[in-house]
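Reader: I would like to learn how to read a model such as this one, feature by feature. Could we begin with how the strands are arranged, and go on from there?

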Amino acid sequence: MGLLQQAHLQLLLPPFERSLIIDESDRGESPAPGFLIRAEHHRKLREQQQHSFHVAADSMSMVGTAMDENEARMRLQAGGFLIALDVPPGLQLGIDCKIYQVRHHDV
Amino acid sequence: MTSDASPQPQPVLHLLIIMFLLHDTQSQTGPNFKGIKMIPPGLHLLHYGSSEADRQGMFLNASAGSIDVLRWDPTAEDLTRGDATLPEGSLASLASAVLGGQLDSSLGPYPAEEAGMWINLSNCITQSVLSRCGVQPGAKISPGTDAGDSEQTVTAAADTTAQSTSTDSEQTVTAAADTTAQSTSTATTSAAVVPYFADLARVARFSTMSAPHQTLSSSSSSSSSSAVQSEPAAVTHAHMDRLGQVQELVQRRFNGSWKELLGELQLAFVLFLLLSSLSAFKQWQQLTAALCRCETVAESDAGFYKSYIRVLHAQLKLVPEDFFATELSKKNFLVSSLSAMFQVRIAVLCMNLGV
């Protein structure tokens, strides 16, 4: 990535996102056009999403998350609830960017 | 001049490719799944379906302690509001059970680490944006098709009505007056559309943009009553710098509020991303292409430009990292749009540096 292009990206991006600019020439590849999003950042984000949602076998209680009890209580009190009754197995139920696949009962 | 914002020949392909990243955020539930808890206060989009091809959605307004109850109707094979289907009294007992923690083990927590992402994708979507597009919180949203239920259909109907009732003397009005009448009738008709069956899913009705040369003639003719013949240079400039086109849309459709425009842009993106709506994709594509080609907006309205860059950046974060490199997707509309934006910014930067 040329210096001018990098300086230009710095101008375009808001301050808290400027750290996401990468220099593709480090990897010996041709620079991609437009915004360049750091691959490592995405990979870490996805790993976080996958690992933080380990679902227990017989319930929806989540284990393995880094949330402590106080934080959980605070979030519970500050948040709302969505109750979905009689949802059939196989249905994909999502909220915002998260999708829950309802599992079959006999699994 | 960069390529125009005309629809790409393979929008469905782009849609499938961009949706790739959401596959990573799927989780399987247990058999006791009864819903979701810890939903942060604010607007959220609930979406459901047996596959990506038949998704429906619904906006929900969550607040501290709010409980939205939905129930699967096996006859209609659809989720319905619990207050309409549950027996009297059971809703209150269900609410007390939820607040008392008795259903805690059956409720999955809202993913806290994705809350920031959702806020960045939806922070400009307000109640007025949803009302204007006909998808108020609680109303079911269908992805729809490309052809139906858009503002264009309503506009065409309004135009037909206006033409059939016009008299001979009215036919002598100028093109500008026609445009004004059309936009007025469009706004009136859009506001008057009320769904007869409130429970049926509806399709978001997005704004339509006028062509750049049309906005040029309408703005020029305000000072002249004769038919407008725009200068070729002005027409070329209008196609190069889309600021006039976007400003016309903001004035006509959003009462001068740039934030409402960003709200509709975000709404189009999330409906495209989460409901696989082709009409929403085309709206997002059209608005993005126009906004990236607003050459002087950074100088004329810096606050809006910064907000737009933040919105665009949040959306591009969901694009696969090889989206601009793989053979199938590297010739997408984002390349030409972002290239146009970079060219302008680099030119401005060079001018400021005196290069």
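Author: Let us start with the sheet, bearing in mind throughout that this is a predicted model. Six strands form an open sheet with mixed pairing, and their order is 1(B)-5(A)-4(A)-3(B)-4(B)-8(B). Strand 1 (26-28) and strand 8 (140-141) of chain B stand at the edges, each with a single partner strand, so one side of each has no neighbour in the sheet.

Reader: How many bridges join strand 5 of chain A to strand 1 of chain B, and do the two run parallel or antiparallel?

Author: Strand 5 of chain A, residues 98-101, runs parallel to strand 1 of chain B, and three bridges join the two. To place the pairing at the level of residues, take A:Gln101, which stands opposite B:Gln28 in strand 1 of chain B.

Reader: What is the make-up of each chain in terms of helices and strands?

Author: Chain A has three helices and five strands, and read from the N terminus its elements follow the order α-α-β-β-α-β-β-β. Chain B, for its part, has 15 helices and eight strands.

Reader: What share of the contacts in each chain joins residues at least 24 positions apart?

Author: Here the count is restricted to contacts with a sequence separation of 6 or more. In chain A, residues 24 or more positions apart account for 11% of such contacts, whereas in chain B the corresponding share is 71%. Burial is a separate reading: buried residues make up 46% of the 107 residues in chain A and 49% of the 355 residues in chain B. As for accessible surface, chain A exposes about 5,600 Å², with carbon and sulfur atoms supplying 53% of it, while chain B comes to about 16,100 Å², of which 56% belongs to carbon and sulfur atoms.

Reader: How should I read a single residue in its surroundings, and is B:Phe304, for instance, buried or exposed?

Author: B:Phe304 is found in helix 14 of chain B, residues 302-316, and it counts as buried because its relative accessibility is 6%, under the 20% cut-off. Leaving aside neighbours within four places in sequence, B:Phe304 is in contact with B:Trp258, B:Leu261, B:Leu262, B:Leu291 and B:Val297. Of these, B:Leu262 lies 42 residues away along the chain, with its C-alpha atom 8.9 Å from that of B:Phe304.

Reader: Which span should helix 15 of chain B have, and what marks its ends?

Author: The 21 residues of helix 15 of chain B (residues 333-353) should span 30 Å at 1.5 Å a residue, and the end C-alpha atoms are 30 Å apart, which agrees. At the N-terminal end, B:Asn332 acts as the cap, with a side-chain oxygen 2.7 Å from the backbone nitrogen of B:Leu334. Just after the helix, B:Gly354 takes a positive phi of about 75°.

Reader: How many disulfides does the structure hold?

Author: A disulfide is a covalent bond between the sulfur atoms of two cysteines. The structure holds zero of them over all chains. A:Cys97 is in no disulfide, the nearest cysteine sulfur being that of B:Cys124, 15 Å away, and A:Cys97 is buried, with a relative accessible area of 2%. Likewise, the sulfur of B:Cys350 is 19 Å from the closest cysteine sulfur, in B:Cys292, and therefore too far for a bond; B:Cys350 counts as buried at 18% relative accessibility.

Conventions: Residues are numbered from 1 along each chain as its sequence is written. Chains are lettered from A and ligands numbered from 1 in the order in which they are written. This is a predicted model: local features need pLDDT of at least 70, side-chain atom pairs count only at pLDDT 80 or more; totals for chains, interfaces and linings use all residues. Side-chain values use heavy atoms; hydrogens and water are left out. Helices (H or I, at least four residues) and strands (E, at least two) are DSSP runs, numbered from the N terminus. The expected span of a helix is 1.5 Å times one less than its number of residues. A polar contact is a pair of N or O atoms within 3.5 Å; within protein, one must be able to donate a hydrogen and the other to accept it, and residues adjacent in sequence count only if both atoms are side-chain atoms. A disulfide is a pair of cysteine sulfur atoms within 2.5 Å. Buried means under 20% relative accessible area, exposed over 50%, partly exposed in between (1.4 Å probe, protein chains only). Contact means heavy atoms within 4.5 Å. Accessible areas come from the Shrake-Rupley method with a 1.4 Å probe; for residues, only the protein chains shown count as cover. Two strands pair if DSSP finds at least two bridges between them.
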